[in-house]
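Here are my notes for going through this structure together. Keep the 3D view open and click along as you read.

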Amino acid sequence: MTLTDLAARVAGYVIHPDFRDEACGLRCCELALAALRTGDYGVGAVLLDAAGNTLIEAQNQVFSGGYCSSGHAEMRLIDRFESELAGQLNPDDLKLVVSLEPCPMCLSRILLAGFGVVKYMAEDPAGGMVSRLDDMPPAWQNLASLQSFYHAHISDALRQLAQDLAQYGVAELRKNLLAQRQISSS
Ligand SMILES: [Zn+2]
C-alpha cells in the first residue's frame, strides 16, 4: 500500500447514501491523507454543529510544525474551538467525528470539552481509549456519562480506508517519535 494508492481511494470514494456519517467521514479521511503528506500521522477530525454544518477541521500535526506531542487532530481541533468559539456555542449541541478512535490524551480532553456526541471511524485496539472508558478514573467516567460515544455510521469500505490511513507509515513515525525523546533527554 502506497500513499498514491491511498490518495486514489480517497479521491475515488463515492459517498454511500445509506450511512449518516459518510460525508464527514470522507472529509476526515481527506484530512488524514493531508496529514500523511506532511509526514504526520494519518488522522483527521471534524466538528459539526447541530444542523450538521462543519465548524472546525483539524489533522494530525505532531511532526510537521516542529515537534508537538499534543498535535493530535482532536487536540488541535479543541484548541481552536476554545480559542475561536468557546462561549458562543454549547458544546453539548456539537458533534465530533474523528477518523481513529481517540487515545487516552485526546479522550481526556474530549471529556473536558464536553461535546455531546463523539463518533470515531476506525477502532484502535493498540492505542484507543474510548473502548476502554470503564478503565478511566471515576471522575472521568462521570464526565463521560454526559456524552455519547459511537462508532461512526459509515460503510465498511470507508471504515477500512480510515484504518489504512491511520496505519500508513506508523513504524517510521514511531521511530521519529522515539528519536524525539532521545534528543530531549540528551
Ligand atoms: Zn490522541
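**Notes on the model**

1. Let's start with Asn142, which is exposed, with a relative accessible area of 52%. The cut-off for calling a residue exposed is over 50%, so Asn142 makes it into that class with its 52%. Before you go further, do remember that this is a predicted model. Asn142 sits in helix α5, which covers residues 138-144. Try picking Leu3 as well: Asn142 and Leu3 are 139 residues apart in sequence, and their C-alpha atoms are 41 Å apart in space.

2. Next, the domain. The UniProt record, an unreviewed entry, lists residues 19-131 as "domain: CMP/dCMP-type deaminase". An annotation like this may be inferred rather than shown by experiment, so take the label as what the record says. Over residues 19-131, the chain is 34% helix and 20% strand. The C-alpha atoms at the two ends of that stretch are 22 Å apart.

3. Now find the metal. Which residues coordinate the zinc ion? They are His72 through ND1, Cys103 through SG and Cys106 through SG, at 2.0 to 2.3 Å. Along the chain, these donors follow the spacing H-x30-C-x2-C. His72 is in the loop between β2 (54-59) and α3 (73-84), while Cys103 is in the loop between β3 (95-100) and α4 (104-113), so this pair ties together parts that are 31 residues apart in sequence.

4. Stay with those two donors for a moment. Are they buried or exposed, or something in between? His72 has 22% relative accessibility and counts as partly exposed. Cys103 has a relative accessible area of 16%, and that makes it buried. The line between these two classes is drawn at 20%, so His72 at 22% falls in the partly exposed class, and Cys103 at 16% falls in the buried one.

5. Then have a look at the largest pocket, which holds about 590 Å³ of space. Its lining has 23 residues, and Tyr41, His72, Leu100, Cys103 and Asp124 lie nearest the centre. You've already met His72 and Cys103 as zinc donors. By class, the lining has 14 nonpolar, 5 polar and 4 charged residues.

6. Which helix gives the largest share of that lining? That would be α7, with 4 residues. At least two lining residues come from each of α4, α6 (156-167) and α7 (170-185).

7. Leu100, one of the residues nearest the pocket centre, belongs to strand β3. Leu100 is buried, with a relative accessible area of 14%. If you want a distance to check in your viewer, Leu100 and Ser83 are 17 residues apart in sequence and 24 Å apart in space, C-alpha to C-alpha.

8. On to the aromatic rings. The count of aromatic pairs comes to 3. Tyr41, Phe63 and Tyr67 make up one aromatic cluster. Tyr41 should ring a bell, as it is also among the residues nearest the centre of the largest pocket.

9. Two more residues to click on. Leu112 is part of helix α4, and with 58% relative accessibility Leu112 counts as exposed. Leu112 and Asp5 are 107 residues apart in sequence and 37 Å apart in space, going by C-alpha atoms. Tyr150 belongs to strand β5, residues 148-151, and at 42% relative accessibility Tyr150 counts as partly exposed. Between Tyr150 and Leu133 there are 12 Å in space, C-alpha to C-alpha, and the two are 17 residues apart in sequence.

Key. Residues numbered from 1 in each chain as written. Predicted model: local features only at pLDDT ≥ 70, side-chain atom pairs only at ≥ 80, totals over all residues. Heavy atoms only, no water. Donors = N, O, S within 2.8 Å, 3.2 Å for Na, K, Ca; no water. Buried < 20%, exposed > 50% of the residue type's maximum accessible area, 1.4 Å probe, protein only. 1 Å grid on protein atoms, 1.4 Å probe; cavity = no way out; pocket = protein on both sides within 12 Å on 5 of 7 lines; lining within 4 Å. Points joined across faces, edges and corners; volume = space filled by probe spheres on them. Nonpolar A, V, L, I, M, F, W, Y, C, P; charged D, E, K, R; others polar. Phe/Tyr/Trp six-rings, centres within 6.5 Å; stacked < 30°, edge-to-face > 60°.
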